[in-house]
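Trainee: Got a minute to go through this model with me? I'd like to quiz you on it.

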Amino acid sequence: MAFKIDSRVGVTTAYRWRNILSNYIFLAPVVALNLIVIVIPSLTSIYISMNKWSGLNQPEFVGLANFERLINDPIYWKSLSHNVIWTIFFLTIPVFMGLMGAFLLSGIKRFQMVYRVAFFIPYVIASVVNTELWRTLLHPRHGIGAWLAKQGIEGFDIRVFGSKHTALYGVAFVDSWHFWGFLVIVYLAAMYQVQPDLYEVAILEGASRFQRFRHVTVPGIRPTLVFTLLMIMIWSVPAFDYIYLLTDGGPAHASEVLGTYLYNMSFFRFEVGYAAAIGVTMALITACIVAIFVILRRRGWEI
Amino acid sequence: MRLRSGRTETTAFNHVILFLLAVFALGPVLVLFLNSVKTSEQIAANPFSIPAEPRFDNYAVAFEKGNYVNTVKNSVILTAGTVIGVLIVGGMGGYALAHLEIRGANIIAFYFLVGTAIPIQLYVVPLFFIWKTFGLLNTHLGLIIIYCATSSPFATYLIRSYMVALPKEFIEAAKIDGASKFQVMTRVILPLSWPGFLTTGLIVGLGVWNEFLIAVTFIHHPDLKPVATSLRAFQERFTRDWGLTNAASVIMLLPVLILFLLMQRRFIEGLTQGGMKM
């Protein structure tokens, strides 16, 4: 009798295990793909970063030499500072425009859909097309600047992407032109979750449009706002497309960021080990951003 | 403002600013279209002019010299291959996370969040050499595998969010009728959550069509290049002929624009909700 019960328990446990195991089969493809393409190469990168390797010859283990070189590489620090400028640019101008656009949109009913579509269109256009478009528009002899000069407004017919003073900001402008409409839609969706009563109270108390924005809308969409700021910081680390396409980091590294520096280092200068070291630092920066976010959240920040 | 009471505020201010913002967003796109039917001289004379005799010829020339027959075919293969692959992989994963008992589901969900934050530069270099070793460089399959992987966390998460919303009763009823997990997925879940698949497919497809960095790194053979990277090569080749390069850009943009205008609700829903609420 006891034996029988035992065996039955055994069967059900085995069945249960098989049942649970078969659940994982559904997850296996997506996990395997991510392991092969993202996780394993990422870990390999850490090993490569400790080697001197051109990609062709035998890798030579050099310990942390690549990281020492990195600390003394002025172009690395210049690139990193450009990533910081890039991040600050995106945290301010597109966010401000996104908030303004969404707030104004939440106040109207007619044509709302038309505006939403209009703002969103640049976001679905490819980087290769957007950069071509703005290269034409900002061309010193064919573009807006030249046209203004002909109308008698001098001073804008400059080589935006060719000057070391304007290249980085020019590229950031083009990328943010493509991006801000996305924020409008995200913030607008969040604004519709804010209690309408709060606005009514604010209006009854005589709050101006700006005061309502400041004291009702912004606190109301705070979780979304903070989340977008976090995502902008995370997305700014690997920034690549627009810079590569418009200036390729030039002139003279004036718009170089970590992404373009690493890319040229590995695929054009064949310093694969050194490039991997740059990649590892980029991942560490991202990890720090995520960690700060998690710590602030644990400390009770409502984000 | 959305007021329940009868008091309304004037919205003229909103419309003025919104109109200016719309001009800022669409004006440059409009200029691209205008310039695409002009000569370089006409563009240089006035980039905003409406050409008296539009040179639609630019499109034919760009289409032929840019070898668009071939590059569009390549992009369609890459886009379709990735969308199909991602929907299968993401659909299975989404189903498991939404309706099956998975120990460690939190860890996987956490990976999907962190995985999308990993900068591509961390793994693109080793991946390049791994792909080289396995002969996957300069192949569409190699690129499709990468695209499937990079878009799978997002796709799985988005599809899962649609599947979670399905009523449990349907699944229970099917189980009582003796359906296996696989049958539940294909016969019950799939027909009910197709909007999620459509939205995910559109967004993944858009991403692949527009993608640049991975394509330029892994495909060097001119005959295998998708539209994005061959357009780049075209721009560099005809750098002085603005009308032509603008026309070539419009050819790449047009299918996206038409699809977006037809299905803008789905695009916006997927890109904002799926992308931001992870």
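Trainee: Let's start with chain B: what share of its contacts with a separation of 6 or more comes from residues 24 or more positions apart?

Mentor: Keep in mind that this is a predicted model. Chain B is built from 14 helices and zero strands. Among its contacts with a separation of 6 or more, the share from residues 24 or more positions apart is 73%.

Trainee: And what part of the residues in chain B is buried?

Mentor: The C-alpha trace of chain B spans about 75 × 70 × 35 Å along its principal axes. Buried here means under 20% relative accessible area. Of the 278 residues in chain B, the buried part is 54%.

Trainee: How many residues of domain 2 of chain B are in contact with domain 1?

Mentor: The assignment for chain B gives domain 1 as 12-55 and domain 2 as 60-276. Their centres, taken over C-alpha atoms, are 32 Å apart. Eight residues on the domain 1 side of chain B meet residues of domain 2, and those in domain 2 number eleven.

Trainee: How far apart are the domain centres in chain A?

Mentor: In chain A, domain 1 runs over 2-48 and domain 2 over 75-298. Taken over C-alpha atoms, the separation of their centres is 41 Å.

Trainee: Back in chain B, is B:Gly27 buried or partly exposed?

Mentor: B:Gly27 sits in helix H1, residues 12-35 of chain B. Its C-alpha atom is 23 Å from that of B:Asp57, 30 residues apart along the chain. Buried needs a value under 20%, and B:Gly27 has a relative accessibility of 21%, so it counts as partly exposed.

Trainee: Now the empty space: what volume does the largest cavity have?

Mentor: Rolling a probe the size of a water molecule over the atoms shows where empty space is left. A search of the whole structure turns up one cavity of 30 Å³ or more. The space in the largest cavity comes to about 1,700 Å³.

Trainee: Which residues lie nearest the centre of that cavity?

Mentor: The lining of the largest cavity divides into 35 nonpolar, ten polar and three charged residues. It holds 48 residues, drawn from chains A and B, and those nearest the centre are A:Tyr123, A:Trp235, A:Asp241, B:Gly207 and B:Glu211.

Trainee: How many of the eleven residues of H5(A) are buried?

Mentor: The buried residues of H5(A) include A:Ser127, A:Asn130, A:Glu132 and A:Trp134. The helix is largely enclosed by the rest of the structure, because the number of buried residues among its eleven is ten.

Trainee: Let's pick one of them: which residues does A:Thr131 touch, leaving aside neighbours within four places in sequence?

Mentor: A:Thr131 lies in helix H5, residues 127-137 of chain A. With 0% relative accessibility, A:Thr131 counts as buried. Outside that window of four places, its contacts are A:Tyr242, A:Leu245 and A:Leu246.

Trainee: What does A:Val257 contact beyond its neighbours within four places?

Mentor: A:Val257 is in the loop between helix H11 (241-246) and helix H12 (258-267) of chain A, and A:Val257 is buried at 0% relative accessible area. Its C-alpha atom is separated by 9.3 Å from that of A:Trp77, 180 residues apart along the chain. Setting those neighbours aside, A:Val257 contacts A:Ser79, A:His82, A:Asn83, A:Ala239 and A:Ile243.

Trainee: Any odd backbone spots? Which peptide bond from A:Gly250 do we have, cis or trans?

Mentor: Most residues other than glycine have a negative phi, and most peptide bonds are trans. A:Pro251 lies in the loop between H11 and H12 of chain A. With omega near -10 degrees, the bond from A:Gly250 to A:Pro251 is cis.

Trainee: What phi does A:Asp248 have?

Mentor: A:Asp248 is also placed in the loop between H11 and H12 of chain A. A:Asp248 is partly exposed, with a relative accessible area of 34%. A:Asp248 is not a glycine, yet its phi is positive, about 50 degrees.

Trainee: And what about the phi of A:Phe270?

Mentor: A:Phe270 sits in the loop between H12 and helix H13 (272-298) of chain A. Its relative accessible area is 47%, so A:Phe270 is partly exposed. Although A:Phe270 is not a glycine, its phi is positive, at about 55 degrees.

Terms used: Residues are numbered from 1 along each chain as its sequence is written. Chains are lettered from A and ligands numbered from 1 in the order in which they are written. This is a predicted model: local features need pLDDT of at least 70, side-chain atom pairs count only at pLDDT 80 or more; totals for chains, interfaces and linings use all residues. Side-chain values use heavy atoms; hydrogens and water are left out. On a 1 Å grid over the protein atoms alone, a cavity is a set of points where a 1.4 Å probe fits but cannot get out, and a pocket is an open set with protein on both sides within 12 Å along at least five of seven lines; lining residues have an atom within 4 Å of a point. Grid points are joined across faces, edges and corners, and a volume is the space filled by probe spheres set on the points. Ala, Val, Leu, Ile, Met, Phe, Trp, Tyr, Cys and Pro count as nonpolar, Asp, Glu, Lys and Arg as charged, and the others, Gly among them, as polar. Domain bounds come from an automatic or database domain assignment. Helices (H or I, at least four residues) and strands (E, at least two) are DSSP runs, numbered from the N terminus. Buried means under 20% relative accessible area, exposed over 50%, partly exposed in between (1.4 Å probe, protein chains only). Contact means heavy atoms within 4.5 Å.
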